[in-house]
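Thanks for coming, everyone. I'll put the structure up and then walk you through a few places in it.

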Amino acid sequence: MWEELKKKIEGGKRFLLTTHILPDGDAIGSELALSRFLRGRGKSVSIVNPDEVPSNFAFMARDGEIEVLSHPFERGDWAAVFILDTGSPDRLGRMAEVVDALPVYKIVIDHHERNDVEADLKIVSTAACSTAELIYGLIRESGERVGKEIALPLYVALHTDTVSFNFLGTNATTHRIVGDLLEAGLDPASIYEKVYMRDSWEHIRKVGSALTRVESAFDGRVAVMKIPREFIASGEITPYETESYTRYPLTIEGVRIVVLFYEVASGRTRVGLRALGDVDVGLLATKHGGGGHSTAAGVVLESPLDEAERIILGEIGEALKKNECSLRLRSGQAMFNKKIKERRC
Ligand SMILES: [Mn+2]
């Protein structure tokens with residue numbers, strides 16, 4: 001799957017890289033690793049994103065290495081534009097228009113279950129735990145060793161997208177890659193501190209207060225959190241914040257799904273979803289114009305919080321019911337098979 005991409009890279013001089021709104025560790029890490037790899041091969045690269053780099057990932061980037069889109073956008077004679085870690089065009093935010101208008105070759109590298117971004121070349125593998133795993137594959141495929149400069153963003157991307165090597169397709173390959181990255185000279189403890197241990201006193205107190213309001217739904221299988229608007233100073237909730245609010249309810253025994261509701265503006269509600277695999281929350285989010293994976297997803301609904309809650313919990317209820325039916329059917333079938341066996345005996 002790499003041949004066409006390698007040819008495109010060899011034949012080009014200038015490349016543009018971008019990723020999704022509210023970028024996470026995989027988005028930023030994949031961009032930095034790919035850009036440094038391309039620069040190492042004598043290419044000139046611009047990374048232009050729809051949103052700022054979150055503060056806990058800023059330590060990975062040098063000054064000016066990542067730009068935020070500002071108009072007018074300099075068109076440039078790009079050989080290709082790379083769209084990383086992005087499952088749908090809406091997720092490109094303000095960059096969607098720019099990418100659309102560029103008359104250049106488009107390359108998608110991603111690991112989402114659904115990817116409907118239009119491109120000339122799509123490298124999408126749901127077997128990869130992160131987009132960074134694919135970037136790592138490209139670098140190794142090109143016969144290069146991964147140096148520290150590239151290992152750092154790849155490691156952070158893998159660490160964050162797998163929820164510290166626990167979810168989303170974490171397997172032996174993931175750990176082999178991590179071993180290779182660490183050999184480049186990374187210090188896991190100091191990286192962990194930089195990425196995860198940056199909370200303010202205020203933030204932790206807010207999480208604590210939000211946790212006291214967590215509600216149980218569907219016999220304790222779903223934990224519901226509603227974040228008051230005044231909790232988020234910036235008016236927007238970052239993936240990092242979503243993660244810090246949903247992390248704890250997911251550890252309650254029996255809870256399979258956590259739903260976070262946050263009214264970003266009057267009549268506009270952001271919904272964060274985390275699941276342990278029973279219900280595909282990515283599908284649910286996509287249905288309403290959002291995106292994500294089967295176990296972690298998000299969507300913004302143009303509805304007040306109460307209505308958003310009614311819609312999302314209604315659909316989760318349906319999905320849970322469907323699962324129960326199929327489980328009952330499956331166990332019914334097992335009993336039936338067992339009876340046949342017994343009769344045969
Ligand atoms: Mn990702």
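**A walk around one helix**

Let's start away from the main topic: D219 sits in the loop between β7 (215–217) and β8 (222–227). Before I go on, this is a predicted model, where local features need pLDDT of at least 70, side-chain atom pairs count only at pLDDT 80 or more, and totals for chains, interfaces and linings use all residues. Residues are numbered from 1 along each chain as its sequence is written. As for the element names, helices (H or I, at least four residues) and strands (E, at least two) are DSSP runs, numbered from the N terminus.

Back to D219. Its phi is near 55°, a positive value in a residue other than glycine. Most residues other than glycine have a negative phi. D219 is exposed, because it has 8 other C-beta atoms within 10 Å. The cut-offs there: a residue is buried if 20 or more other C-beta atoms lie within 10 Å of its own, exposed if 12 or fewer, and partly exposed in between, with C-beta atoms placed from the backbone.

Okay, on to α5, residues 148–161. How many of its 14 residues are buried? The count is 12, so to speak a mostly covered helix. The buried stretch includes I150, L154, Y155 and D161. And what does the covering? Among the elements over those buried residues are α2, α4, α6 (172–183) and α7 (188–196). On length, the 14 residues should span 20 Å at 1.5 Å a residue, and the end C-alpha atoms of α5 are 20 Å apart, which agrees. The expected span here is 1.5 Å times one less than the number of residues.

Now the partners, beginning with α2, residues 25–40. The axes of α2 and α5 are 8 Å apart, and the two helices pack at an angle of about 160°. That makes α2 roughly antiparallel to α5. For the record, axes are lines fitted to C-alpha atoms, for helices over the stretch in contact, and angles run from 0 to 180 degrees between N-to-C directions. Under 35 degrees counts as roughly parallel, over 145 as roughly antiparallel, 65 to 115 as roughly perpendicular, and the rest as oblique. The crossing of α2 past α5 is left-handed, meaning the near helix is turned anticlockwise from the far one by less than a right angle; clockwise would be right-handed.

Who touches whom? On the α2 side the residues include I28, L32, A33 and F37, and on the α5 side they include I150, P153, L154 and A157. Contact means that the C-beta atoms of two residues, placed from the backbone, lie within 7 Å. By class, the contact of α2 with α5 has nine nonpolar, five polar and four charged residues. The classes are: Ala, Val, Leu, Ile, Met, Phe, Trp, Tyr, Cys and Pro nonpolar, Asp, Glu, Lys and Arg charged, and the others, Gly among them, polar.

Next up, α6. Its axis comes within 10 Å of that of α5, crossing at roughly 150°. That makes α5 roughly antiparallel to α6, and this crossing is left-handed too. Here A151, L154, Y155 and L158 from α5 meet T174, I177, V178 and L181 from α6. That contact divides into seven nonpolar, one polar and no charged residues. Also in α6 is G179, which counts as exposed because it has 9 C-beta neighbours inside 10 Å. The C-alpha atoms of G179 and Y155 are 9.8 Å apart, with their places 24 residues apart along the chain.

Then there's α4, residues 131–141. The axes of α4 and α5 come within 9 Å and cross at roughly 145°. A132, E133, I135, Y136 and I139 in α4 meet I150, L154, A157 and L158 in α5, giving eight nonpolar, no polar and one charged residues. I135 is buried, because 30 other C-beta atoms lie within 10 Å. Beyond its neighbours within four places in sequence, I135 is in contact with S30, A33, L34, I109 and L154.

Last stop, the way out of α5. Just after α5, V163 takes a positive phi of about 50°. F165, in the loop between α5 and α6, has a positive phi of about 60° although it is not a glycine. With 15 C-beta neighbours inside 10 Å, F165 counts as partly exposed.
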